[in-house]
Amino acid sequence: MELLMSIVIGIIFSVTIYLFMSKNLLRVVAATLLLSHGVHLLLITMSGLQRGAAPILSFDADAYTDPLPQALVLTAIVISFGVTAILLVMSYRTYKVHKTDDLEELRGSADE
Amino acid sequence: MMQKPNNMMLQTLARLIILIILSFSIYLLLAGHNSPGGGFVGGLMTASAILILYLSFDLKSIQKAIKFDYIKIIGMGLLFASLTGVVSMLFGFPFLKHFFDYFTLPILGEVELTTAMVFDLGVYFVVLASALTIILTIAEDDK
Amino acid sequence: MTLLHWAVLLPFIAAILIPFLYKYLKRIHTGWFVLVLPLVLFVYFLSFIPKTSSGEVILNNLNWVPSLGINFNVYLDGLSLLFALLITGIGSLVVLYSIYYLSKHKEKLNNFYVYLLMFMGAMLGVVLSDNLIVIYVFWELTSIASSLLISYWYTREKSVYGALKSMYITVFGGLSMLGGFSLLYVIAGTFSIRELIANADLVMASSLFIPAMILVLLGAFTKSAQFPFHIWLPDAMEAPTPVSAYLHSATMVKAGIYLVARLTGVFGGSPEWFWIITIAGLVTLTWGSISAVRQKDLKGILAYSTVSQLGLIMSLLGAGSAAFYFQDGDNALYMTAILAAVFHLINHATFKGSLFMAAGIIDHETGTRDIRKLGGLMTVLPVTATISLIGLASMAGLPPFNGFLSKELFFTGMLNVTEYGIFNLETFGFIIPVIAWIASVFTFLYCILMFSKTFMGKFDISKLKVKHVHEAPVGMLISPVILAALVILFGLFPNLLAYSLIEPAMAAIAPGILSPGEFFDVHISHWHGFSPELWMTFGVVILGILLFMTFKKWENTAFYRGEQDLFNYAYDYGFDGFIKGSQWLTRIQMTGRLRDYFIYMNTFIILIMAYTMYRYSLPAIQSLDLSPIPVYFWLVILVFVCSIVIIPFINNRVALIITTGVSGFIVALLFVLFRAPDLALTQLLIESVSVILFMLVFYHLPKLKKVKTPPKMKAVKLIISVGFGLMITLGSLSVFSMGQEVNFDSISEYYVENSKEEAGGYNIVNVILVDFRGLDTMLEILVVSMAVLTVVSLIRLRFKGSEDI
């Protein structure tokens, strides 16, 4: 299962990088969302999958799934929500001000 | 998308759903220490409940009903979280050291109370208010 | 901390107090408070003369970073003491002079004195430290203080130019020097100069000897304005004149000389050291003296003359370093050069200090320093004229002033070189005294030119901007008069210095040449018969006067009319080209296109990861212990992959949101399958909230356009993204297999075992979040709050007007 997931994560990253290189602001924002999925799954996968019960002691199992990556990812999910929100709002404001969502046209002023 | 509140079905259903979601979110918050849940999940669940409220009714009437300033709630949450840390320092323990004990309460029976709960409550408030503030700020910006 | 440590730190402490004194005691010129410090320190250092002249040295240790061998050890011997006395002595006179030179009403005195004190402390630190790293730190501090002082009138373009120039050149040298010091540490394992000198054989035998030497010399040469790094010094003349007198003639520029003198014990005796320093010194001496003739600005003449005199001292140190080759032998033959160097160092400080102060007075009273406008000032400024006459005569090498004595010794030292019979000197050696002699002719020439142009001839007030010219106030004259008196005093009674300052300094420059209890023979006299030196002096005077008499003939040649140093062009063009080149380099890569940046970054990441995996033969996937895959899982993955892969092809806003949303919900489902209930719940809720957020924003944004990418670009994008994905897959697998192969205890075990006992919670993930790693979580919610504030300020608080972003 880890092999399969690694390949899936590779695909997610490929799509993400491909989207990042597009000209459209929305696709870039969507790419960050996908990127965070990829990273979360990567963290979980690297510690091994389905090896024991969910990390809740009431189950009284012999082995539990590694709780540490889960704690990491839980934090990461919330943080990546914050990041997505900022990016979205920034692209929204950018569009409002510059009237374009084309990154090619948002390339900074000439005197830089 | 928030201008035309004309769906009676949705509104009636929403009231019911929100009640369920709200109580479930409180359960998640309180049970978080021992079963799935906690401040993050609870906060987000409450936020979604309130968002459903905003989605099914219009923005203005909800604003009349709920007069919270969500940014203040963020501050309150941060205060909760940091104060639990400081309190343990007052007793000579390291910052953010938590304590727990079991109490027998009427009706509920034996209950575990822990200072970590107060900390989690802080997390709950921050996450709840953050999600709502972000969404509402964008929604209100209609220029 | 001993008194000596405090002596170094005291100026810094005083510098902190200056702004307060300036602010609250505005009625009194801040300089008066400052004056106390160098005076006290001067007297304090004077008290060491009996100790050092009997050959004693003082070493006080203070550990700073002992693990790296960096210790603030103060070391005081003859050489350090000589410099400390120069720094504090000239410092006192300069501060006194500045009180009258800088008006308390117009100038920002707090800046001036803070920088000056900072410099004083740093300079004392350089000459009193035994540790190379400490020297380096103080060394750079002097560069900074010097630049700040040059740009003291920071609104003037030329000041800023001069400050930057000196900063670039000296800091470049300082950095090279640090490299040299590090190499010395690599060779000998110590930063202490004492220990380095003790291990000089080890250093000399090392293959790093030449690189270390060249790097150290770069530092010394840039600081002491040796050819071709001398170009910063004339531009440093934009500083207020007290600064020029202090930093750029008497003390800071001699830091390089100090370093060379100090490290002669380490490097001396090698032919490279001898040749590099002697030649650099002689070229600087000649170039400086010829350039000085061309200058029209009084301070310009003095600047180039300083350059040339520094070259003179440097060449003497080079010639004297041969002493280490012979070890004992006839030490008078080599030590004369070192004697001349030390003696001239003192003399130069006295006469050049007085000359700078005189030039400052002329500038102050007439409003110009241009010798074409000046003339006939002898009657108007009689005291200044006398001071200048004494200073210039001494610089030109005329008896009975101290400059004559050191110049004679210089000739002796240079003539002695031809008798060494080492380092191929028998063939080329004769060139050395010849060059020295030619340079002295020009030195003599610019001295007469400067005096005649300024003080003789006709006084013409119409050329000046001021209406009345009168002698400077007494306070301003005190310092140059004292220095001029010293010029005469040392000239008449040179042996006053012989065993009190000069001999201990020589012993410090050449440690180990003498056996303990012995002293160098220092006897300086005016008359030693009709020796070759005397004939050389006669020649200098006659040829100099001849050149002066024919001044009219060469006045209009290109040589005299231009005054720009050739190397300034090199600096300016080089610097310009450097900036243009960097701009060009930036322009071609900083396109402002996110795509291009991603191409750079990802190409690099792919290459470096691929190389690492290849190099360490990773990943070792053969021994993977994989979990079995249930059938339904294939279905989930299939849907998931589909929802991901179609995203780039979607050209509809709502479809894009829904598809990303679907992929997010499948991630939540995967979390369930991976037995992470908390994650699943959080992901589910976040995804719902995110979809609402996306909807809200997308509602305002325009429709997606179908973008046509050229096939070539598409191929590049595909290769990079697929390559990156592949690297992530391989990386993930190798980390996973490493976790299985390497037998280590995961910290997760601790959480699993202690979550109930220590924190009373059954949900381990939650316990980690709120209890074990509570601080992380607290900071995390802080970050979330900041994100919210950013969003709110982006939307609600914006500037009205055009600058809206």
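A residue counts as buried when its relative accessible area is under 20%. In this predicted model, C:Ile657 has a relative accessible area of just 3%, so it falls on the buried side of that cut-off. C:Ile657 sits in helix H31 of chain C, which runs over residues 653-673. What separates C:Ile657 from C:Val94, in sequence and in space? The two are 563 residues apart along the chain, and their C-alpha atoms are 75 Å apart.

Chain C also offers a residue with a less hidden position. C:Glu749 has a relative accessibility of 45%, and since partly exposed covers the range between 20% and 50%, that is the label it gets. C:Glu749 belongs to helix H34, made of residues 748-759. It also takes part in a negative surface patch, together with C:Asp745, C:Glu753, C:Glu757 and C:Glu758.

Still in chain C, a stretch comes with a name from a database record. An unreviewed UniProt entry marks residues 67-113 of chain C as the domain "NADH-Ubiquinone oxidoreductase (complex I) chain 5 N-terminal". How much of this stretch is helix, and how much is strand? In the model, residues 67-113 of chain C come out as 62% helix and 11% strand, with 36 Å between the end C-alpha atoms.

Next up is chain B. Its 143 residues include a buried share of 47%. Five helices and two strands make up its list of elements, and reading from the N terminus their order is α-α-α-α-β-β-α. Laid along the principal axes, the C-alpha atoms of chain B fill a box of roughly 55 × 35 × 25 Å. According to an unreviewed UniProt entry, the label "transmembrane region" applies to residues 12-31, 37-57, 78-96 and 116-139 of chain B. One of these spans, residues 12-31 of chain B, is 100% helix and 0% strand, and its end C-alpha atoms lie 29 Å apart. Residues 37-57 of chain B are 86% helix and 0% strand, with the end C-alpha atoms 28 Å apart.

Chain A carries the "transmembrane region" label too: its unreviewed UniProt entry places it on residues 6-21, 28-49 and 69-90. Over residues 28-49 of chain A, the model shows 86% helix and 0% strand, and 30 Å lies between the end C-alpha atoms. As for residues 69-90 of chain A, this span is 100% helix and 0% strand, with its end C-alpha atoms 30 Å apart.

Definitions and conventions
Residues numbered from 1 in each chain as written. Chains lettered and ligands numbered in written order. Predicted model: local features only at pLDDT ≥ 70, side-chain atom pairs only at ≥ 80, totals over all residues. Heavy atoms only, no water. UniProt positions renumbered as here; feature names shortened; annotations may be inferred. Helix = DSSP H or I, 4+ residues; strand = E, 2+ residues; numbered from the N terminus. Patch = residues over 30% accessible without salt bridge, like charges linked within 9 Å, V, L, I, M, F, W, Y side chains within 5 Å. Areas by Shrake-Rupley, 256 points an atom, 1.4 Å probe, with all protein chains shown as cover. Salt bridge = Lys/Arg side-chain N within 4 Å of Asp/Glu carboxyl O. Lys, Arg positive; Asp, Glu negative; His and termini not counted. Charge placed at Lys NZ, Arg CZ, Asp CG, Glu CD. Buried < 20%, exposed > 50% of the residue type's maximum accessible area, 1.4 Å probe, protein only.
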